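The following exercises concern strand pairing, salt bridges and a pocket. Each task is followed by a solution that proceeds step by step.

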Amino acid sequence: MSNHESVIRLNKYIAHCGVCNRKQAVELVKKGEILVNDKVETNPFLELNENDRVVYKGKLLVIEEKKVYILLNKPKDTQYTDIEGVKKPSVATLVKKTTEVKVFAANPLEESSAGLVVLTNDIEVIAKLSEVDRKMKSVYELQMDKVITEEELLSLKSQYCDSIPMITGINSIQDREFPTVGIEILKGTDTSIKSALKDKGYDVTRADRTFFMGLTKKDLKRGWSRHLTEKEVIFLKYFS
């Protein structure tokens, strides 16, 4: 290819495929263990073109897409993708400040809801966090259309202690302009919580997920995003 950004040296390509590091890849090539387009290649610094086939021990080497894990503090009433005629930035636009990789929401919030959303290109994590019965601790602040009595709060917790949503904690939040409750769940989504409350005669006028599987909004302003730390990714993938 004429575009220098579209070519990659053979040793670097092998390293990106996870076979070994670049220095070790040089030795593999020099030993004649790498085939390029079905021919032995001994130049480790050969510049590959887009359609070149690289084979090692009978296996076609393909660079795997780097997995990206983003935490976004989603604003209220934000679409996930760009829509023509809508001026407000979408989730896709907001995360471009953090990554150019196309990512998708895992356990997404409703567009009308605000708060923490994990976005990734890791389809296994997306599938895992989409399982309805999976236990995933979340905390929501819900602004209500009217005050919920303490008796009703206790009734809600009791009724939904072993279902979806699975409510493990619920209380009134004081010093707010409008009636607000905090709800902790182990199963369910903002949709299921809103539905449960509506069945009791209450409408949620604003929902904000403030905690999700150990992740918080600390140092993450509304509309901002950041990469998850290595420790956070490990927990998300293997301990959730």
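**Exercise 1. Classify the residues that line the largest pocket, and state where they come from.**

Solution. The model is a predicted one.

Step 1. The lining of the largest pocket comprises 9 nonpolar, 2 polar and 3 charged residues.

Step 2. The volume of this pocket is about 230 Å³. It is lined by 14 residues, of which Tyr-80, Ala-92, Val-95, Lys-102 and Val-103 are the closest to the centre.

Step 3. At least two lining residues are supplied by each of helix H3 (91–95) and strand S8 (104–106). The largest share, 3 residues, comes from H3.

**Exercise 2. Describe the pairing of strand S12 and the burial of its residues.**

Solution.

Step 1. S12 spans residues 180–187. With S10 it runs antiparallel, joined by 6 bridges. Within this pairing, Glu-141 has Gly-182 in S12 as its bridge partner.

Step 2. S12 also pairs with S11 in the antiparallel sense, over 7 bridges. Here Asn-171 stands opposite Gly-182.

Step 3. S11 and S12 form a hairpin with 6 residues between them. In the turn, Asp-175 has a positive phi of about 60°.

Step 4. Of the 8 residues in S12, 6 are buried, and the strand is therefore mostly covered, buried meaning under 20% relative accessible area.

**Exercise 3. Identify the salt bridges formed by Lys-137 and Arg-176, and determine the exposure of each partner.**

Solution.

Step 1. The cut-off for a salt bridge is 4 Å between a side-chain nitrogen of Lys or Arg and a carboxyl oxygen of Asp or Glu. By this rule the model has 10 salt bridges.

Step 2. Lys-137 pairs with Glu-184, and their closest N and O atoms are 3.5 Å apart. The two residues are separated by 47 residues: Lys-137 belongs to the loop between helix H4 (123–129) and strand S10 (138–144), and Glu-184 to S12.

Step 3. The relative accessible area is 36% for Lys-137 and 26% for Glu-184. Each residue is partly exposed because its value lies between the limits of 20% and 50%.

Step 4. Arg-176 forms a salt bridge with Glu-141 at 3.0 Å, N to O. This pair links the loop between strand S11 (166–173) and S12, which holds Arg-176, to strand S10, which holds Glu-141, across 35 residues.

Step 5. Arg-176, at 40%, and Glu-141, at 26%, are both partly exposed in relative accessible area.

**Exercise 4. Determine which residues share a salt-bridge network with Asp-208, and whether Asp-208 is buried or exposed.**

Solution.

Step 1. Asp-208 forms a salt bridge with Arg-222, with the closest N and O atoms 3.0 Å apart. The partners are 14 residues apart: Arg-222 is in the loop between strand S14 (215–216) and strand S15 (225–227), whereas Asp-208 is in strand S13 (residues 204–212).

Step 2. Arg-222 is partly exposed at 34% relative accessibility. Asp-208 counts as buried because its relative accessibility is 9%, under the 20% limit.

Step 3. Through shared partners, salt bridges join Asp-208, Lys-217 and Arg-222 into one network.

**Exercise 5. Give the strand order of the open sheet that contains S2 and S5.**

Solution.

Step 1. Strand S2 (residues 34–36) and strand S5 (residues 54–56) pair in the antiparallel sense over 3 bridges. Leu-35 has Val-55 in S5 as its bridge partner.

Step 2. The open sheet has 4 strands in the order S3-S2-S5-S6, with antiparallel pairing. Its edge strands are strand S3 (39–40) and strand S6 (59–60), each of which pairs on one side only.

Conventions. Residues are numbered from 1 along each chain as its sequence is written. This is a predicted model: local features need pLDDT of at least 70, side-chain atom pairs count only at pLDDT 80 or more; totals for chains, interfaces and linings use all residues. Side-chain values use heavy atoms; hydrogens and water are left out. Buried means under 20% relative accessible area, exposed over 50%, partly exposed in between (1.4 Å probe, protein chains only). On a 1 Å grid over the protein atoms alone, a cavity is a set of points where a 1.4 Å probe fits but cannot get out, and a pocket is an open set with protein on both sides within 12 Å along at least five of seven lines; lining residues have an atom within 4 Å of a point. Grid points are joined across faces, edges and corners, and a volume is the space filled by probe spheres set on the points. Ala, Val, Leu, Ile, Met, Phe, Trp, Tyr, Cys and Pro count as nonpolar, Asp, Glu, Lys and Arg as charged, and the others, Gly among them, as polar. Two strands pair if DSSP finds at least two bridges between them.
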